[in-house]
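Happy to walk through this one with you. Have a look at the model first, and then we can ask how each label is earned.

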Amino acid sequence: MNERANEYGASRMQIASWERNFQVWHYTFSYAQLLLRSGQRDDMDKRIDVLFSRVRHMELPHELNELTIDELPVSEKYLPAGASIEYGVPCKLFLINGGIGKIYAGGCKWHEDYEWLDAPSHFGPLRGVK
């Protein structure tokens with residue numbers, strides 16, 4: 001376990017993990033959506049899209065050699081300076097790769113398919129993305 005991850009305690013739960021390259025594919029400020037994408041490595045492989053919705057704050061490298069997502073409930077204790085939780089609006093902390101990245105968002109979901117890298121996302125039209 002990464003030392004950074006230890007500070008978050010036992011309440012974290014791993015929700016997804018892939019041993020492959022991902023990159024930030026798109027961020028929509030007006031819709032607060034972040035899309036990470038991993039393309040097919042060969043013709044028999046799947047493309048993976050990971051969508052974070054209602055993004056409030058993020059600290060994330062542009063490219064990742066692997067992707068592990070841990071989910072934690074958010075408390076004021078773990079919020080970065082200047083960030084706040086809106087009453088009644090769900091927000092969770094998603095730790096990326098043991099804490100190298102952090103995404104404060106309302107939700108996270110993913111989809112796997114056999115589409116090519118630039119094909120439209122399963123998550124519907126994202127402004128500025130095919």
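The questions below take up the strands, the sheets and the surface of this predicted model.

Q: What makes E3 and E4 a pair of strands?
A: Pairing takes at least two bridges. Strand E3 (residues 33–38) and strand E4 (residues 47–53) are joined by 5 bridges and run antiparallel, so they count as paired. One bridge links serine 38 to isoleucine 48 in E4.

Q: How do you know that E5 and E9 pair as well?
A: The threshold is again at least two bridges, and E5 has 3 bridges with strand E9 (residues 101–105), in the antiparallel sense. They therefore qualify as paired. Here glutamate 59 stands opposite lysine 102 in E9.

Q: Why are E6 and E10 called edge strands?
A: Their sheet is open, with 5 strands in the order E6-E2-E3-E4-E10 and antiparallel pairing. Strand E6 (63–64) and strand E10 (107–113) each pair on one side only.

Q: Which strands are the edges in the order E1-E7-E8-E9-E5?
A: This is also an open sheet of 5 strands with antiparallel pairing. Its edges are strand E1 (13–18) and strand E5 (57–59), each pairing on one side only. Neighbouring strands in this sheet are turned by 20 degrees against each other on average, direction ignored.

Q: What makes a residue count as buried, and how much of the chain does?
A: The cut-off is under 20% relative accessible area. Buried residues make up 42% of the 130 residues in the chain. The chain's accessible surface comes to about 7,600 Å², 50% of it belonging to carbon and sulfur atoms.

Terms used:
Residues numbered from 1 in each chain as written. Predicted model: local features only at pLDDT ≥ 70, side-chain atom pairs only at ≥ 80, totals over all residues. Heavy atoms only, no water. Helix = DSSP H or I, 4+ residues; strand = E, 2+ residues; numbered from the N terminus. Buried < 20%, exposed > 50% of the residue type's maximum accessible area, 1.4 Å probe, protein only. Areas by Shrake-Rupley, 256 points an atom, 1.4 Å probe, with all protein chains shown as cover. Axes fitted to C-alpha atoms, helices over the stretch in contact; angles between N-to-C directions.
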